[in-house]
Amino acid sequence: MNKVELNSTELKETLTHLINNNKAIQAEGQKPISISICGPAGLGKTSVVHQLAKELNIKHVEAINLAQLDELGDLVGIPVKEYYMIGQKDGKKVAKWVDEKVMHSFEKQGWQATNNSRMTYAKPAWIAGKGEGGILILDDYTRAAPRFMQAVMEIIDRQQYISWSLPKGWTILLTENPDDGTYNVTDIDPAAKSRYITFDMRWEPEVWAEWAEGANIDPRSINFTLLHGSDIIKEERPEVNPRSLVKFYNSLRTIKDFNSSLPLIQNIGEGAVGPEVTTMYTNFIHNNLDKMISPQEILDTEITFDTVKSKISSLIKSGSDYRADLAYVLTTRLINYMLQKITTPDINDKYLDRVSELIKTNILGSDLKFIFAKKVINSNSRYNKLMMDTDIVDVILE
């Protein structure tokens, strides 16, 4: 079966369509389409769904880790015995199935039990009282015991389990680890996989950095991640993933001077992400790259542009050599900061003049200037004023 690989941004865009599509087709009497997100541990599969639910204002989100369940009843509800009872309502004869635990109260009201009985399942606690339009996240689907996997297949196929149903407009999302020999997972045959759509989630440094800017990850560590990119997270190093990286980075937040704390950083790093990535990080510090000029400094209009330009130049130019990798890191950080940190009141004339100087200066490569200009100008209507400058237009159109 073909694999479709999506980064977190692409995945959220795809899930947004499918969730809205599920609501529409269910209103027409069709069954909603279930989805599986496959990827290594620590990639943020579940976190992406929670982020999307918040963005879409979906109030009902239930996450169940199937690999941690011991009792099937925690997923599908507790089995109960019901009796078919006959009674009166508004002067008319009516009949209904009644839980044996509450039969006595019905008998007091004149209801009579028949010889018909059945075993059924009470609605599980996680769905009781929930309204329409929600997401059911079933984590670690392929690491679950077979009886849980079979129950999940029935819920996917019918949007119900024997005697209870999911409310309308719910989407079922499975998460799973790849069956590549790294994880203890159950192989899923094509017939089972055909019951849902599968997307492989991939990690991209640029997308992660955009998230990290808004999640208050240490800026020095964001620079490191952008600089080394795919050299950090590799298939041959499964213990290094976005989750372990964030734990490592957060453990360094209160260290003000990295150079004076290298032994401590080395110890923490080897325990969190192993010796290879830690060595890359300490080399990053040795080269003073943790002291790169920040987006805040670049955009601070109290600092002269000549000073900003000098700091950028000293970082990315050494004689005739041009450090395109460091220019890329600076540009990416700057774009992400402007998109997530700058509010409308901050976009005044002085601020726009600084942005204009950054775009027109020759200190950044033309390709990076193009990306910077295009993304920034499209992000906020207040930036439209920049399009009145023909030099900036030439940068975008060249």
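Two strands pair if DSSP finds at least two bridges between them. Helices (H or I, at least four residues) and strands (E, at least two) are themselves DSSP runs, numbered from the N terminus. The model is predicted: local features need pLDDT of at least 70, side-chain atom pairs count only at pLDDT 80 or more, and totals for chains, interfaces and linings use all residues. Residues are numbered from 1 along each chain as its sequence is written, and side-chain values use heavy atoms, with hydrogens and water left out.

**Exercise 1. The sheet around β4**

Task: Determine the order of the strands in the open sheet that contains β4, and state how they pair.

Solution.

Step 1. Begin with β4 and β5. These strands run antiparallel and are joined by 8 bridges. Within this pairing, Y83 has V98 of β5 as its bridge partner, and Q88 stands opposite K93 in β5.

Step 2. Examine the connection. β4 and β5 form a hairpin with 2 residues between them, and D90 in the turn has a positive phi of about 55°.

Step 3. Turn to β6 (residues 112-121), which is antiparallel to β4 and joined to it by 7 bridges. Here P79 stands opposite Y121 of β6.

Step 4. Assemble the result. The open sheet has 3 strands in the order β5-β4-β6, with antiparallel pairing. β5 and β6 are the edge strands, each pairing on one side only. On average, neighbouring strands of this sheet are turned by 25° against each other, direction ignored (axes are lines fitted to C-alpha atoms, for helices over the stretch in contact, and angles run from 0 to 180 degrees between N-to-C directions).

**Exercise 2. Two tilted aromatic pairs**

Task: Establish which parts of the chain are tied together by the pair Y84 and W97, then do likewise for Y351 and Y383.

Solution.

Step 1. Fix the criterion. Rings of Phe, Tyr and Trp (its six-membered ring) pair if their centres lie within 6.5 Å; planes under 30 degrees apart count as stacked, over 60 as edge-to-face and the rest as tilted. A search of the whole structure yields 16 aromatic pairs.

Step 2. Apply it to Y84 and W97. Their centres are 5.0 Å apart with 55° between the planes, a tilted pair. Y84 belongs to strand β4 (residues 79-89) and W97 to strand β5 (residues 92-99), so the pair ties together parts that are 13 residues apart in sequence.

Step 3. Assess accessibility (buried means under 20% relative accessible area, exposed over 50%, partly exposed in between, with a 1.4 Å probe and protein chains only). Y84 is partly exposed at 27%, and W97 is partly exposed at 31%.

Step 4. Repeat for Y351 and Y383. The ring centres are 6.3 Å apart and the planes stand at 35°, so this pair is tilted. Y351 lies in helix α15 (residues 349-360) and Y383 in the loop between α16 (366-379) and α17 (390-397), so the pair ties together parts that are 32 residues apart in sequence. Y351 is buried, with a relative accessible area of 3%, and Y383 is buried at 1%.

**Exercise 3. An aromatic cluster and two arginines**

Task: Identify the ring over which the charged end of R220 sits, and describe the surroundings of R333.

Solution.

Step 1. List the cluster: ring pairs link W208, W211, F224, F248, Y249, F258, Y281 and F284.

Step 2. Place R220. Its charged end sits over the ring of F258, 3.7 Å from the centre (the criterion is NZ of Lys or CZ of Arg within 6 Å of the ring centre and within 35 degrees of the ring normal).

Step 3. Locate R333 in helix α14 (residues 324-340). R333 is buried, with a relative accessible area of 3%.

Step 4. Describe the neighbours of R333. Not counting residues up to four places away in sequence, R333 touches E213, P219, I222, N223, L226 and P295 (contact means heavy atoms within 4.5 Å). The side chains of R333 and N223 are joined by a polar contact of 2.8 Å. Such a contact is a pair of N or O atoms within 3.5 Å; within protein, one must be able to donate a hydrogen and the other to accept it, and residues adjacent in sequence count only if both atoms are side-chain atoms.

**Exercise 4. Loop residues**

Task: Is T142 buried or exposed?

Solution.

Step 1. T142 lies in the loop between β7 (134-139) and α5 (146-158).

Step 2. T142 is buried, with a relative accessible area of 2%. Residues touched by T142 include M149, E176 and N177.
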